[in-house]
Amino acid sequence: MLISPSLLSCDFANVQRDVEMLNQSKADFFHIDIMDGVFVPNISYGLPVLKAMTKHATKPMDVHLMIQNPDAYLSSFKDAGAHFLTVHYEACVHLHRTIQAIQHLEMKAGVALNPHTPVSLLEEVIDQLDLVLIMSVNPGFGGQKFIDSSCKKVEKVKELIVKNNSKCLIEVDGGVNLETGAALSNAGADILVAGSFVFKSSNPIKTISELKEL
Ligand code: DX5
Ligand code: ZN
């Protein structure tokens, strides 16, 4: 299993320390949650903070944009160090064009689906995507309860990927712990995002290793 700890739950007064802790851990990516207070009812952090994190991080930045009009900021996120850039299906009127623009900037393109958005809406783009991000909570906050039906959605994405011979990875975000993580692993998830479960644990490095074994 690939693990992408979410820095949304890190100690913002000690960001460098927490980034260095993740460098030492078995984490595969850094999950970066960008919230604009419009697309989601919360504001997290933006480009300067991502740049500062990238400076110390030794693993690829997995950037999750929870913002309106992501098209206006694609190249800024590339400059700030994004490796994966994931936009929300619900925020993109011209999704096909947005995916192409992300890949043209030499980033991996991801599309996130809110809990109410059906997987079938990705049929026409699945063969072009590098990543599908299934939201297993409503986006906006860390520490929420996992929505159980998310496992079924992961199975549906897997079917769509196999049917279309796509190389797309499946990432799941929200309420991930060892129990929900095991169910997601069975359902076909490739990458697990975990925020509060990692950062609120007494030994985050060990917690990441345990998630990695799922
Ligand atoms: C939620 C964010 C998540 C969040 C997950 O909107 O997209 O990445 O950090 O937090 P946990 O793992 O605590 O549910
Ligand atoms: Zn996220």
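Let's start at glutamate 20, which counts as partly exposed because its relative accessibility is 35%, a value in between the cut-offs of under 20% for buried and over 50% for exposed. Glutamate 20 belongs to helix α1. Follow the chain for 33 residues and you reach methionine 53, whose C-alpha is 9.6 Å from that of glutamate 20. Keep in mind as we go that this is a predicted model.

Helix α1 also leads us to helix α8, which spans residues 204-212. Which residues of α8 are buried? They are Pro204, Thr207, Ile208, Ser209 and Leu211. The spacing of some of these may look familiar, since an α-helix has 3.6 residues a turn, so residues three or four places apart point the same way. The cover over the buried residues of α8 includes α1 (15-24), together with β1 (2-5), α6, β8 (191-194) and α7 (196-199).

Helix α6, one of the elements in that cover, has a partner worth a look. Helix α5 runs over residues 150-163 and helix α6 over residues 178-187, and their axes come within 8 Å, crossing at roughly 25 degrees. Angles under 35 degrees count as roughly parallel, and α5 and α6 are therefore described as roughly parallel to each other. The crossing of the two helices, α5 and α6, is right-handed. If you would like to see where they meet, select Cys151, Val154, Glu155 and Lys158 on the α5 side, and Ala183, Leu184 and Ala187 on the α6 side.

Now for the metal. Which residues coordinate the zinc ion (ligand 2)? His31 does so through NE2, His64 through ND1, and Asp33 and Asp173 through OD atoms, at 2.0 to 2.3 Å. Along the sequence, the donor residues follow the spacing H-x1-D-x30-H-x108-D. Why is the arrangement around the zinc ion (ligand 2) octahedral? There are 6 donor atoms, and the angles they subtend run from 70 to 167 degrees, which makes the arrangement octahedral. The criterion for six donors is that opposite donors are over 155 degrees apart and all others between 65 and 115.

How accessible are these donors? Histidine 31 is buried, with a relative accessible area of 0%, and aspartate 33 is buried too, at 4%. Aspartate 173 has 9% relative accessibility and so counts as buried.

Aspartate 173 deserves a closer look. Aspartate 173 is part of strand β7, residues 169-173. Beyond its neighbours within four places in sequence, aspartate 173 contacts three other zinc-coordinating residues, His31, Asp33 and His64, and also Leu133, Ile134, Met135, Ser136, Val137 and Val193. One of these, isoleucine 134, is 39 residues away from aspartate 173 in sequence, yet the C-alpha atoms of the two are 6.4 Å apart in space.

Finally, have a look at the backbone torsions. Most residues other than glycine have a negative phi. Glutamate 106 is not a glycine, but has a positive phi of about 65 degrees. You will find glutamate 106 in the loop between α4 (95-104) and β5 (108-113), and its 66% relative accessibility means that it counts as exposed. Asparagine 165 also has a positive phi, here of about 55 degrees, without being a glycine. Its place is in the loop between α5 and β7, and asparagine 165 counts as exposed at 72% relative accessibility.

Definitions and conventions. Residues numbered from 1 in each chain as written. Chains lettered and ligands numbered in written order. Predicted model: local features only at pLDDT ≥ 70, side-chain atom pairs only at ≥ 80, totals over all residues. Heavy atoms only, no water. Donors = N, O, S within 2.8 Å, 3.2 Å for Na, K, Ca; no water. Tetrahedral: all angles 85-135°; square planar, octahedral: opposite > 155°, others 65-115°. Buried < 20%, exposed > 50% of the residue type's maximum accessible area, 1.4 Å probe, protein only. Axes fitted to C-alpha atoms, helices over the stretch in contact; angles between N-to-C directions. Helix = DSSP H or I, 4+ residues; strand = E, 2+ residues; numbered from the N terminus. Parallel < 35°, antiparallel > 145°, perpendicular 65-115°, else oblique. Left-handed = near helix turned anticlockwise from the far one by under 90°. Contact = heavy atoms within 4.5 Å.
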